[in-house]
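Visitor: Before we discuss any labels, please show me the sequence and the model, and then explain how each label is earned.

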Amino acid sequence: MTSRQIDALDRLWPTYGLTVSDVADGPLDPSALFGREAPVVLEIGSGMGDATAAMAADDPDRDYLAVEVHTPGIANLLDLVGRDGLTNVRVAEGDALDLVQALSVDSLDAVHVFFPDPWPKTRHHKRRIIQAGHVALLRSRLTPGGTLHCATDWAEYAESMRQTLDGDPELASPYPGWAPRPAHRPVTKFERRAHREGREVFDLVYHRAVPA
């Protein structure tokens, strides 16, 4: 890590950070975590945090809970939080699915899964975050009408994602195919590199059904 990231981690982790293993027994109360009642967006795999910080800055009425395993990425997001004075971001270190398990049902306004590891080898597909059992768990934490938004630059994984999401009985997309790229999703360095290397980026946007 850079000295800037180390400093941010030392200064800001006690206020803005949490360790997933410490809350895994749940239930995790977002209103207590953020100190207010507001819709919550879960960012799974926030990477270096650029997209999370930008979205949180543009969306102050919602709270952003980012989960990541990469310590330099966590530290970089904390640095952005401090630099921009963001009060609506918290950063969790650990397994995303354990964090989701700790959340109550119907507690999330949105879940973002942007550019997850595609695990391209067939024998590793079971490690992918977007598979039927995991999707059912994520959907259960969404409020009715809540949004599950995925993005990937791996075409085979995009097709697999769409089949899995289409197969969930309580999720539906308002789009007949791929979703148009939403303006609120920032273009990251990773995405720009994908475009330079000729890889298409696929967005998938689904909503949890609202009971009749």
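Guide: Let us begin with contact, which here means heavy atoms within 4.5 Å. With that cut-off, among the contacts in the protein between residues at least 6 apart in sequence, 78% join residues at least 24 apart. This is a predicted model, in which local features need pLDDT of at least 70 and side-chain atom pairs count only at pLDDT 80 or more, while totals for chains, interfaces and linings use all residues. Residues are numbered from 1 along each chain as its sequence is written, and side-chain values use heavy atoms, with hydrogens and water left out.

Visitor: What makes a stretch of chain a helix or a strand, and how many of each are in the protein?
Guide: Helices are DSSP runs of H or I with at least four residues, strands are runs of E with at least two, and both are numbered from the N terminus. By that rule the protein has nine helices and eight strands.

Visitor: How do you know whether the radius of gyration agrees with that of a compact globule?
Guide: The radius is taken over C-alpha atoms, and the globule rule is 2.2 Å times the number of residues to the power 0.38. For 212 residues the rule puts a compact globule near 17 Å, and the protein has 17 Å, so the two agree. Along its principal axes the C-alpha trace spans about 45 × 45 × 35 Å.

Visitor: Why is R139 called buried?
Guide: Buried means under 20% relative accessible area, exposed means over 50%, and partly exposed is in between, with a 1.4 Å probe and protein chains only. R139 has a relative accessible area of 11%, and therefore counts as buried. Of the 212 residues of the protein, 49% count as buried.

Visitor: Where is R139 placed, and which residues is it in contact with?
Guide: R139 belongs to helix α7, residues 132–141. Leaving aside neighbours within four places in sequence, its contacts are D168, P169, E170, L171 and R208.

Visitor: What makes the pairing of R139 and E170 a polar contact?
Guide: A polar contact is a pair of N or O atoms within 3.5 Å; within protein, one must be able to donate a hydrogen and the other to accept it, and residues adjacent in sequence count only if both atoms are side-chain atoms. The side chains of R139 and E170 are joined at 3.3 Å, so the distance meets the cut-off.

Visitor: Why is α7 described as largely enclosed?
Guide: Seven of its 10 residues are buried, and α7 is therefore largely enclosed by the rest of the structure. The buried residues are H134, V135, L137, L138, R139, S140 and R141.

Visitor: Why are V20 and V210 given opposite labels, buried or exposed?
Guide: V20, in helix α2, has a relative accessible area of 2% and so is buried. V210, in the segment after β8 (202–208), has 57% and is therefore exposed. Not counting residues up to four places away in sequence, V20 touches V67, A92, E93, G94, D95, D98 and L99, whereas V210, counted in the same way, touches P144 and G145.

Visitor: What makes R4 partly exposed, and how far is R4 from D79?
Guide: R4, in helix α1 (residues 3–16), has 39% relative accessibility, so R4 falls in the partly exposed range. R4 and D79 are 75 residues apart in sequence and 7.4 Å apart in space, C-alpha to C-alpha. Beyond its neighbours within four places in sequence, R4 is in contact with N76 and D79.

Visitor: What is notable in the backbone at D106, W119 and the bond between G26 and P27?
Guide: Most residues other than glycine have a negative phi, and most peptide bonds are trans. D106, in the loop between α6 (96–102) and β5 (108–114), has a positive phi near 60°. W119, in the loop between β5 and α7, has a positive phi of about 40° although it is not a glycine. The peptide bond joining G26 and P27 is cis, with omega about -10°, and P27 lies in the loop between α2 (20–23) and α3 (30–34).

Visitor: Why do D106 and W119 count as partly exposed?
Guide: D106 is at 37% relative accessibility and so counts as partly exposed; W119, at 25%, therefore counts as partly exposed too.
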